[in-house]
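User: I would like to go through this model with you and ask, term by term, what justifies each label.

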Amino acid sequence: MNVLVVYCHPVSDSFTAAVLERCLAGLRSGNHQSRVLDLYANGEQQDLAGVDALVFVYPTWWSGQPALLTQWLQQTASTSSFRDVRRIVAITSHGSPKLTNIVEGEAGRHVLHRALRLRAHSRATTRWIALYDIDTCSADKRSRFLERVERAMSRPRL
Amino acid sequence: MRALILLAATEGNDLCGKAAERAATALRAKGHDVSLRDLVAEGFAVAMTAEEREAYHGDTPILDPLVAEHAALVGAAEILVFVYPTSLSTMPPILKGWLERVMVPGVGFVLDHRNKVQPGLGHVRRIVGISTYSEGRVEVKMTRDNGRRTITRALRLSCGLRTRTAWVPLYSVGAATAEQRAKFLERCARRTGR
């Protein structure tokens, strides 16, 4: 697929940066065409023409996307069309456990899988790849998550 | 009581500006001490910087004097009011950035000895949200109204057990008549000024 990876994290040696690296490794081994938009490095608008999959790599803060990613989503929704996008993948980490996020309403998940999905291709599908409890989880759980990301991104349909 | 009203609307969004003014007037009429802050006008920075992220779990997570000013207001507030236009089912980036940069450990929540999040806003008695929507009620509900969820559920969880929330929406704002707008402003005043 022709993939635009939208990456949002301010720190270059963060866990999210490691997730991006494994995500791109997976896309390469799956022979996908991909380019990265690093929102902290260059926030300019990207032409979405020809992009049929959007992959978002970000940390969940206050139950949603970081402000800079929220800004990109809202600006892009007002200036261009997501109608060609057939696959929306979110790869994210949460400080708190899954149950807490469910009680809090999973705002970020619904922004991508419902609000953005409504603006995408009518047959677009979504996928949620999330690590919970990152502040307290073991190193082993983190490395298993990285493997999961790489495996998922190497598949033909992401 | 002390109230903090946060306005997050771009210049020219008269309705949100008026709604914030009406909320402030109603609270003052009840004898509350009101701070009304316009995030766009005061040039509040949207994104958390790398330096702020690295300081986040340290002893001094706040680096920007404007953020420190807002954190002091939050620390003293018993009523929090948010006024913004909803876009793509969520709050404006500047308000999301406000949550991320102001509601840091020690302000919005505290991390206990096991690194678990504990509420930090026990002093907040009431949260009011006021929002305009370009979509109608059905689409807003279908996409889950995520700005509202973040404020009335995620932020609410950082408050005490008895903190109440209220929400004042105006759906399909583009099609709203002058009368509907006036009624909306009335509701803003009535529901905030309790």
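**The interface and its labels**

Analyst: To begin with the polar side of the interface in this predicted model, the count between chain B and chain A is 15 residue pairs in polar contact, both residues of a pair being at pLDDT 80 or more. On the side of chain B that touches chain A, the elements giving two or more residues are helix 2 (50-55), helix 4 (93-102), helix 5 (137-142) and helix 6 (146-155) of chain B, and helix 6 gives the most, with six residues. By class, that side of chain B has 15 nonpolar, 10 polar and 11 charged residues.

User: What makes A:Arg119 and B:Glu135 a salt bridge?

Analyst: The side chains of A:Arg119 and B:Glu135 meet with N to O at 3.2 Å, and the cut-off between a side-chain nitrogen of Arg and a carboxyl oxygen of Glu is 4 Å, so the pair qualifies. Across the interface of chain B and chain A the rule finds one salt bridge, while over all chains the count comes to 12.

User: Why is the pair A:Arg144 and A:Asp140 called a salt bridge, and how are the two residues placed in helix 5 of chain A?

Analyst: The closest N and O atoms of A:Arg144 and A:Asp140 are 2.6 Å apart, and this pair too is therefore a salt bridge, since the limit is 4 Å. Because A:Arg144 and A:Asp140 are four residues apart in helix 5 (residues 139-153) of chain A, about one helical turn separates them.

User: How much area do chain B and chain A bury between them, and which residues of chain B supply the most?

Analyst: The two chains bury about 2900 Å² between them, with 64% of it on carbon and sulfur atoms. Of the area that chain B buries against chain A, B:Leu88, B:Pro93 and B:Lys96 supply 21%, more than any other three residues. In terms of contacts, 36 residues of chain B touch 34 residues of chain A.

User: What describes the packing of helix 1 of chain B and helix 7 of chain B?

Analyst: Helix 1 (residues 14-29) and helix 7 (residues 178-192) of chain B pack at an angle of about 35°, their axes lying 8 Å apart, and helix 1 passes helix 7 in a right-handed crossing. Among the residues making the contact are B:Ala19, B:Ala23 and B:Leu27 of helix 1 and B:Phe184, B:Leu185 and B:Ala189 of helix 7. By class, this contact has nine nonpolar, one polar and four charged residues.

Conventions
Residues are numbered from 1 along each chain as its sequence is written. Chains are lettered from A and ligands numbered from 1 in the order in which they are written. This is a predicted model: local features need pLDDT of at least 70, side-chain atom pairs count only at pLDDT 80 or more; totals for chains, interfaces and linings use all residues. Side-chain values use heavy atoms; hydrogens and water are left out. Contact means heavy atoms within 4.5 Å. Buried area is the accessible area (1.4 Å probe) that two parts lose on being put together, summed over both. A polar contact is a pair of N or O atoms within 3.5 Å; within protein, one must be able to donate a hydrogen and the other to accept it, and residues adjacent in sequence count only if both atoms are side-chain atoms. Ala, Val, Leu, Ile, Met, Phe, Trp, Tyr, Cys and Pro count as nonpolar, Asp, Glu, Lys and Arg as charged, and the others, Gly among them, as polar. Axes are lines fitted to C-alpha atoms, for helices over the stretch in contact, and angles run from 0 to 180 degrees between N-to-C directions. A crossing is left-handed if the near helix is turned anticlockwise from the far one by less than a right angle, and right-handed if clockwise.
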